[in-house]
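Biologist: Please take me slowly through the core of this chain and what is packed around it, explaining each term as it comes up.

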Amino acid sequence: MKMLSESQEVQGNSDLEAIQSADKTAGSEVDLSDRQKQILSLMDTNVEYSAEEIAELIGLKGSRTRQLLKELADKGKMSFTAATKNRKYKKI
């Protein structure tokens with residue numbers, strides 16, 4: 001049986017952590033629907049959009065778009081301002 005030096009063991013742990021981190025990142029993208037991915041691809045980071053603006057860009061009704069935006073916010077992919085009226089969404 002081959003013994004690992006302490007530095008080799010630490011390097012192995014770092015490699016494992018990097019792989020696990022990449023898996024989590026890839027997994028979070030897999031959890032998104034095609035429409036959610038489309039919304040994220042159309043939005044610029046740190047630019048505020050209304051649900052109506054996004055609905056027009058993707059060709060959906062406002063109610064369905066707001067539902068998709070809420071799901072994206074719940075997944076940590078975007079933030080929003082205001083409670084309900086005049087709400088703006090921002091990709092993070």
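**The core and its surroundings**

Modeller: Among contacts in the chain (heavy atoms within 4.5 Å) between residues at least 6 apart in sequence, 49% join residues at least 24 apart. You are looking at a predicted model, in which local features need pLDDT of at least 70 and side-chain atom pairs count only at pLDDT 80 or more, while totals for chains, interfaces and linings use all residues. Residues are numbered from 1 along each chain as its sequence is written, and side-chain values use heavy atoms, with hydrogens and water left out.

The chain has four helices and three strands, taken as DSSP runs of H or I with at least four residues for helices and of E with at least two for strands, numbered from the N terminus. Read from the N terminus on, these elements follow the order α-α-β-α-α-β-β. Of the 92 residues, 22% count as buried, that is, under 20% relative accessible area, where exposed is over 50% and partly exposed is in between, with a 1.4 Å probe and protein chains only.

Now to the core itself. The largest nonpolar core (buried Ala, Val, Leu, Ile, Met, Phe, Trp, Tyr and Cys residues joined through side-chain atoms within 4.5 Å) has 14 residues, and Ile39, Met43, Ile54, Leu69, Leu72, Met78 and Tyr89 touch the most other members. At least two residues of this core come from each of helix H2 (34-42), helix H3 (51-58) and helix H4 (62-74), and H4 gives the most, with four. Leu72 shows how such a residue is surrounded: apart from neighbours within four places in sequence, Leu72 is in contact with Leu32, Gln36, Ile39, Leu40, Lys77 and Met78.

Let us follow H4 to its two partner helices, beginning with H3. H3 and H4 pack at an angle of about 105°, with their axes 9 Å apart; axes are lines fitted to C-alpha atoms, for helices over the stretch in contact, and angles run from 0 to 180 degrees between N-to-C directions. H3 is therefore roughly perpendicular to H4, because angles of 65 to 115 degrees are given that name, whereas those under 35 are roughly parallel, those over 145 roughly antiparallel and the rest oblique. On the H3 side the contact is made by Ala51, Glu52, Ile54, Ala55 and Ile58, and on the H4 side by Gly62, Thr65, Arg66 and Leu69. By class, these are five nonpolar, two polar and two charged residues, where Ala, Val, Leu, Ile, Met, Phe, Trp, Tyr, Cys and Pro count as nonpolar, Asp, Glu, Lys and Arg as charged, and the others, Gly among them, as polar.

Thr65, found in helix H4, is worth a pause, for it is buried, with a relative accessible area of 0%. Not counting residues up to four places away in sequence, Thr65 touches Ala51, Ile54, Ala55, Ile58 and Leu60. Its C-alpha atom is 9.7 Å from that of Glu53, which is 12 residues apart from Thr65 in sequence.

The second partner of H4 is H2, and these two helices pack at an angle of about 80°, with axes 10 Å apart, so H2 and H4 are also roughly perpendicular to each other. Here Arg35, Gln36, Ile39 and Leu40 in H2 meet Leu68, Leu69, Glu71 and Leu72 in H4, a contact made up of five nonpolar, one polar and two charged residues.

Beyond H2, Asp44 sits in the loop between H2 and strand S1 (48-49) and is partly exposed, at 48% relative accessibility. Setting aside neighbours within four places in sequence, Asp44 is in contact with Tyr49 and Lys91, and its C-alpha atom is separated by 8.1 Å from that of Lys90, 46 residues apart along the chain.

Tyr89 brings us back to the core, in whose list of most-touching members it appeared. The count of aromatic pairs comes to one: Phe80 and Tyr89 are tilted, at 6.2 Å centre to centre and 55° between the planes. Rings of Phe, Tyr and Trp (its six-membered ring) pair if their centres lie within 6.5 Å, with planes under 30 degrees apart called stacked, over 60 edge-to-face and the rest tilted. Tyr89 is buried at 4% relative accessibility, whereas Phe80 is partly exposed at 40%.

Finally, the loop between strand S2 (78-81) and strand S3 (88-91) holds Ala82, whose phi is near 70°, a positive value in a residue other than glycine, and which is partly exposed at 41%. Asn86 lies in the loop between S2 and S3, has a positive phi near 60° and is exposed, with a relative accessible area of 63%.
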